[in-house]
Amino acid sequence: MVERLKKILEKEIGSNKWLINYEQVKSKELFFIKDRMDMNRAKSVEHCRVTVYKEIEDAGQRFLGSSVFKAAPGMSDEEIAECIKDSIYSAGLVKNQVYSLAKPSDSQLPQIESNIDFENGMETIEKTIKLVYGIDGERTASVNSMEIFLQQKSIRVANSEGVDLAYTKPELIIELVVDCEGEKESVELYDMIKVSSFDEEFLKRKIEGDFINVEKRAIAEKVQINKEVPVVLRGAAVCEIFSYYTFKSDTLAVYKKYSQAKIGDEVQGSDIAGDKISITLKPEIKNSVDSAYVDADGVILKELPLIKDGRLLAYHGSSRYSQYCNVDITGEIPNVCIHAGSGNYDEMLKGECIEVFGFSDFQMDAVTGDFGGEIRLAVHHMADGTEKPITGGSVTGNIEDIQKGMILCAESDITGHYQHPRIIKIKGAKISF
Amino acid sequence: MKAQFSEHIKKKKSLLKKLIADLSEEFEYVSVLATDVKGKRYEKDFSTSGISDIMIFERGYVARVYNGLCYSEYSFDVFDEENYDEVKKGVIETAKNEVNQLSDYNVPITKYPLVEEDELNERAEYEAGGGELAPQKIMDEMTGIIEEAKGYSELLVNASIRYEDTFVSKAFYSSKKELEQAYAFSTAMIICFVMREGKLKYAYDTSSARETATTFGQVKEKYKKTIDTAIEMLDASPVEPGEYDVICDPDVAGLIAHEAFGHGVEMDMFVKNRAKGAEYMNKYVASEVTRMHDGATSAVDVASYLFDDEGTQGGDTLIIDNGILKAGISDLLSAMQLGTKPTGNGRRESFERKAYARMTNTFFAPGKDKLDEMIGSIKYGYLLEKYDSGMEDPKNWGIQCMISRGREIKEGKLTGKVVGPILLSGYVPDILKSISMVSDTQLETAGSGYCGKGYKEFVKTSIGGTYLKAKARLG
């Protein structure tokens with residue numbers, strides 16, 4: 001498809017520039033209800049996104065216009081040629097500040113590490129089924145439903161400057177709903193686990209955690225807590241809190257004035273009572289399906305220390321917005337490593353606090369810093385060391401209220417494309433039951 | 001003008017029919033959904049602009065076959081004489097070889113009955129409004145709006161305007177059915193960002209319609225009000241957590257309908273025993289003034305169609321009638337498992353994804369109350385406006401809605417004080433049973449966003465209603 005597109009582009013593009021983002025996806029998909037397979041699916045598809053660039057001069061000012069079209073592989077050459085002509089016209093209506101396209105690099109593109117062999121994918125699927133139902137057989141809770149997606153993505157980025165880079169990445173995605181009979185009703189918890197390798201130990205820990213948590217939810221009670229209590233967050237909620245800092249240091253946010261962050265700023269402000277945060281962006285972290293050493297513009301990606309001891313060291317972002325902000329081009333680095341902090345895991349759970357294991361959907365509004373979520377499962381740790389699973393209620397707040405006093409655990413965990421402290425403890429959030 | 005059915009699908013029709021006929025020698029049931037969805041997205045803010053194909057662009061096919069035990073599907077996007085055998089092999093490999101391999105692994109497989117179809121041959125090309133707007137006109141008008149907005153308030157640091165038109169063609173073919181449809185819809189959105197003393201806030205407004213062009217016209221008139229609302233948010237304080245009397249605007253009412261009961265009556269969740277609603281059929285789940293609909297023909301908005309992605313004709317399901325849960329919404333396979341009639345709600349994110357029971361146009365029906373009397377009846381509470389997101393919990397009837405703002409009501413009058421953002425949460429029946437008044441205002445639906453199932457499978461839906469009064473926990 002890419003070669004075909006290149007040929008048509010050569011014929012139609014004239015002096016204009018172009019970028020092709022190509023992805024071939026093959027998948028095997030299984031859908032389970034309880035322990036029975038309900039349906040299976042497979043797919044073999046291609047996604048192709050073509051950006052056409054046009055230099056424009058208007059009233060003595062230079063601009064770079066661009067327009068994007070998607071080329072379905074079923075399109076005829078004539079249809080694609082028509083899309084290119086339309087895009088050249090549309091690009092002429094888009095007057096953006098000038099920027100350069102990525103140039104070829106001498107660097108070798110590392111491949112993403114994985115032990116998944118898609119061609120023998122049924123073996124990985126069998127191992128996944130055995131792992132999940134093996135845990136199911138040992139626990140009170142059980143699988144309600146599960147979807148397994150084993151995918152292989154072949155990705156290629158090419159542009160008119162000579163960039164032409166390709167890599168392959170496998171993905172194993174498990175959408176798991178586990179349920180457990182409580183005294184009053186059956187309860188469930190939802191999880192979506194995405195990994196780039198079949199890491200049995202990692203998967204077992206995550207899946208067992210889901211079973212343990214839903215068993216806790218089955219005995220959880222609705223309570224009234226009408227006072228300010230520290231909140232302990234884990235997993236996706238930790239990632240969501242820290243997405244505020246990666247958004248505010250993104251050149252797109254800076255250029256569009258969604259962020260006023262300046263390099264050298266103390267991102268948490270001064271007089272920090274808790275841990276000062278450090279963040280490094282990384283092309284690859286273990287098990288992350290988002291790992292990549294090249295971004296969509298064709299920029300080769302490298303590790304970037306972003307925030308060190310609370311101080312912003314650099315901006316990060318796409319080639320275009322980095323050029324607009326007149327800073328080094330980092331490219332869009334996919335993984336976020338939030339460095340561990342000073343907190344001892346067991347010590348952090350001492351004293352009265354609410355440790356939240358699952359929200360309905362914990363969200364951070366990275367523009368305003370407002371965050372919140374409804375609690376599906378939490379544990380209320382009392383001052384005397386006793387604890388009680390609770391459910392219902394919500395946690396809300398703003399980053400300004402919590403960032404000076406956050407304690408970050410010294411142990412790490414991995415969730416999606418984040419490596420992060422296993423838990424963080426925050427004070428100043430509002431709790432409503 | 002009318003939406004034009006895809007020339008591409010027309011060209012492939014005979015080959016698709018050949019595939020169905022050939023595969024029918026191997027399988028008792030074979031169907032193919034063909035899709036061709038295209039459109040343009042235009043956007044502009046203070047410093048950048050863009051024109052691109054829409055996110056939901058797709059052109060491809062999904063074949064579904066019955067292998068004697070269960071249903072299997074194969075999605076593909078290249079289909080011609082040259083790769084015909086490869087596609088056919090892909091279907092057989094998936095439906096036979098992989099299923100056999102799973103049996104070898106001792107994986108139990110659910111036994112489904114065979115789909116029973118009646119002969120049906122339907123075709124519709126729906127009215128598409130003004131058709132495709134000229135790109136030059138859109139970009140010029142966007143530039144004009146942005147320039148006017150810049151002069152409206154010095155607090156404005158950025159404003160972004162977006163317009164999308166979408167043209168959908170879908171065909172469903174099986175040995176007994178031949179269904180073809182073409183329709184269009186459009187959405188538009190404006191977001192305004194304001195800053196004072198380092199504090200950044202924003203507000204947005206949207207428009208959607210099952211036709212093109214009109215939504216762009218509607219949203220461009222809204223920029224001043226949107227900037228004013230964003231400025232109000234600069235002084236907004238957090239709400240004191242607690243339970244309040246609230247008036248929900250049609251957007252918030254729609255979100256509650258969607259999250260509270262819409263997801264809860266998706267009947268594939270009944271099959272999985274993931275929906276408490278299954279235990280409450282024909283029982284009170286809401287107050288007597290509550291009536292709730294969902295369906296492709298319930299309203300005319302972005303989720304209105306002739307047939308769903310499994311070849312079932314769309315309908316209008318009265319989910320809650322005078323407070324009583326009357327019916328759920330279902331895809332074809334769930335209906336077969338439950339022994340019910342499919343409601344035309346089997347929808348896919350795209351031809352690449354599985355069909356699930358999904359909502360379409362979901363809303364609370366208008367009531368008999370006057371809005372000013374509803375506000376006047378509140379001693380202390382809030383008028384809730386707009387939302388940012390929502391999350392369902394059909395199994396345990398929890399609800400989470402991120403509401404953009406609340407306007408304080410004291411002694412029956414709006415005080416001018418604004419709080420927000422607000423997290424509305426609680427137990428679904430508590431909220432629905434607390435609905436005491438529903439306004440007689442015009443039904444408003446909005447379909448500018450997407451609805452997910454869990455954290456994936458995004459489809460276009462519209463939600464809405466009129467104003468309703470309820471009790472809700474805010475935080």
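**Sheets, chain contact and local geometry in a two-chain predicted model**

In chain B, six strands make up an open sheet whose order is S12-S11-S10-S15-S24-S21, and the pairing within this sheet is mixed. The edges are taken by strand S12 (324–325) and strand S21 (444–446) of chain B, each of which pairs on one side only. Within the sheet, strand S10 (residues 292–294) of chain B and strand S15 (residues 361–364) of chain B are paired in the antiparallel sense, with three bridges between them, and B:Met292 stands opposite B:Phe364 in S15(B). The model described here is a predicted one, and every value reported is computed from it.

An open sheet of six strands is also found in chain A, where the order is S10-S9-S8-S11-S19-S18 and the pairing is mixed. Strand S10 (311–312) and strand S18 (412–415) of chain A stand at the edges of this sheet and have a single partner strand each, so one side of each is left without a neighbour in the sheet. One of these edge strands, S10(A), is joined by two bridges to strand S9 (residues 304–308) of chain A, and the two run antiparallel; in this pairing, A:Ile307 stands opposite A:Leu312 in S10(A).

Turning to the chains as wholes, chain B has ten helices and 25 strands. The radius of gyration of chain B is 24 Å, which is close to the 23 Å that the globule rule gives for 475 residues, so chain B is as compact as a globular protein of that length. When taken along the principal axes, the box filled by the C-alpha atoms of chain B is roughly 70 × 55 × 40 Å. Chain A, for its part, has nine helices and 21 strands. Its radius of gyration is 24 Å, close to the 22 Å that the globule rule gives for 433 residues, and chain A is therefore as compact as a globular protein of that length. The C-alpha atoms of chain A fill a box of roughly 75 × 55 × 35 Å, again taken along the principal axes.

The contact between the two chains involves 82 residues from chain A and 88 residues from chain B. Together, chain A and chain B bury about 7000 Å² between them, and 51% of this area is on carbon and sulfur atoms. On the side of chain A, the residues that lose the most area to chain B are A:Arg41, A:Lys70 and A:Met122, which together account for 9% of what that side buries.

Polar and charged groups also meet across this interface, where 46 residue pairs are found in polar contact. Strand S2 (residues 36–58) of chain A gives the most to the side of chain A that touches chain B, contributing twelve residues. By residue class, that side of chain A divides into 30 nonpolar, 22 polar and 30 charged residues. The backbones of the two chains are also linked by strand pairing, since two bridges join strand S3 (residues 61–70) of chain A to strand S2 (residues 49–53) of chain B, and these strands run parallel. In this pairing between chains, A:Val68 stands opposite B:Ser52 in S2(B).

Side chains of opposite charge can pair when their charged atoms come close. Over all chains, the structure holds 64 salt bridges, and 13 salt bridges are found across the interface of chain A and chain B. One of them is formed by A:Lys256 with B:Asp45, whose closest N and O atoms are 2.5 Å apart. In another salt bridge, the side chains of B:Lys456 and A:Glu147 meet at 2.6 Å, N to O. Because B:Lys456 lies in strand S23 (residues 456–460) of chain B and A:Glu147 in strand S4 (residues 142–159) of chain A, this pair joins two chains.

Two local features of the backbone complete the description. In chain B, the peptide bond from B:Gly420 to B:Pro421 is cis, with omega near -5 degrees, and B:Pro421 lies in the loop between strand S18 (413–419) and strand S19 (422–427) of chain B. In chain A, phi of A:Asp271 is near 55 degrees, which is a positive value in a residue other than glycine; A:Asp271 lies in the loop between helix H6 (251–255) and strand S8 (279–282) of chain A.

How values were computed:
Residues numbered from 1 in each chain as written. Chains lettered and ligands numbered in written order. Predicted model: local features only at pLDDT ≥ 70, side-chain atom pairs only at ≥ 80, totals over all residues. Heavy atoms only, no water. Contact = heavy atoms within 4.5 Å. Buried area = accessible area lost by both parts, 1.4 Å probe. Salt bridge = Lys/Arg side-chain N within 4 Å of Asp/Glu carboxyl O. Polar contact = N/O pair within 3.5 Å; in protein donor to acceptor, adjacent residues only side chain to side chain. Helix = DSSP H or I, 4+ residues; strand = E, 2+ residues; numbered from the N terminus. Nonpolar A, V, L, I, M, F, W, Y, C, P; charged D, E, K, R; others polar. Pairing = 2+ DSSP bridges. Rg over C-alpha atoms; globule rule 2.2 N^0.38 Å.
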